[in-house]
Amino acid sequence: MKSTQQFTAIIEREGDGYISLCPELDIASQGDNIEEARRNLIEALELFFETADPSEFQNRLHSKFMEHERKSCN
């Protein structure tokens, strides 16, 4: 059975386009509009999960960011 994890996506306007970032894994992408930036970030994350060694996932995971998010949401 597949497990599901949620990650943060930050999308900001930059110049004529948009950048998208998953801060927990430090993976970024871009697009001409918000939806394209979101789709491209999802694709980048999917490719990462398909190809990365489990240790790479653990090395990239910024748990301090996640802990901060949990605290600020409470």
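**Exercise 1. Classify the exposure of Arg39 and find its charged partner in this predicted model.**

Solution. Arg39 has a relative accessible area of 45% and is therefore partly exposed, since that class lies between the limits of 20% and 50%. The next step is to look for a carboxylate partner, and the side chain of Arg39 meets that of Glu35 in a salt bridge with an N to O distance of 3.9 Å, which falls within the 4 Å cut-off. Placing the two residues in the secondary structure, one finds both Arg39 and Glu35 in helix 1, four residues apart, or about one turn of the helix.

**Exercise 2. Determine which residues are linked with Glu35 in a network of salt bridges.**

Solution. Begin with Arg38, which forms a salt bridge with Glu35 in which the closest N and O atoms are 2.7 Å apart. Both residues belong to helix 1, which covers residues 34-51, and they are three residues apart, about one turn of the helix. Turning to accessibility, Glu35 is partly exposed at 36%, and Arg38 is likewise partly exposed at 36%. Adding the contact between Glu35 and Arg39 completes the picture, in which Glu35, Arg38 and Arg39 are linked in a network of salt bridges.

**Exercise 3. Describe the salt bridge between Arg60 and Glu56, and state how many salt bridges the structure holds.**

Solution. The side chains of Arg60 and Glu56 meet at 2.8 Å, N to O. Their setting is helix 2, residues 54-60, where they lie four residues apart, about one turn of the helix. Arg60, at 27% relative accessibility, counts as partly exposed, and Glu56, at 31%, is also assigned to the partly exposed class. For the structure as a whole, the count of salt bridges is three.

**Exercise 4. Work out the geometry of the aromatic pairs that involve Phe49.**

Solution. The structure holds three aromatic pairs. In one of them, Phe48 and Phe49 are arranged edge-to-face, with 5.4 Å from centre to centre and 65° between the planes, an angle over the 60 degrees that this class requires. In another, the ring centres of Phe49 and Phe57 are 5.7 Å apart and their planes meet at 50°, so this pair is tilted. As for accessibility, Phe49 is partly exposed with a relative accessible area of 40%, whereas Phe48 is buried at 11% and Phe57 is buried at 14%. As a last step, the ring pairs can be joined into a cluster that contains Phe7, Phe48, Phe49 and Phe57.

Key
Residues numbered from 1 in each chain as written. Predicted model: local features only at pLDDT ≥ 70, side-chain atom pairs only at ≥ 80, totals over all residues. Heavy atoms only, no water. Buried < 20%, exposed > 50% of the residue type's maximum accessible area, 1.4 Å probe, protein only. Phe/Tyr/Trp six-rings, centres within 6.5 Å; stacked < 30°, edge-to-face > 60°.
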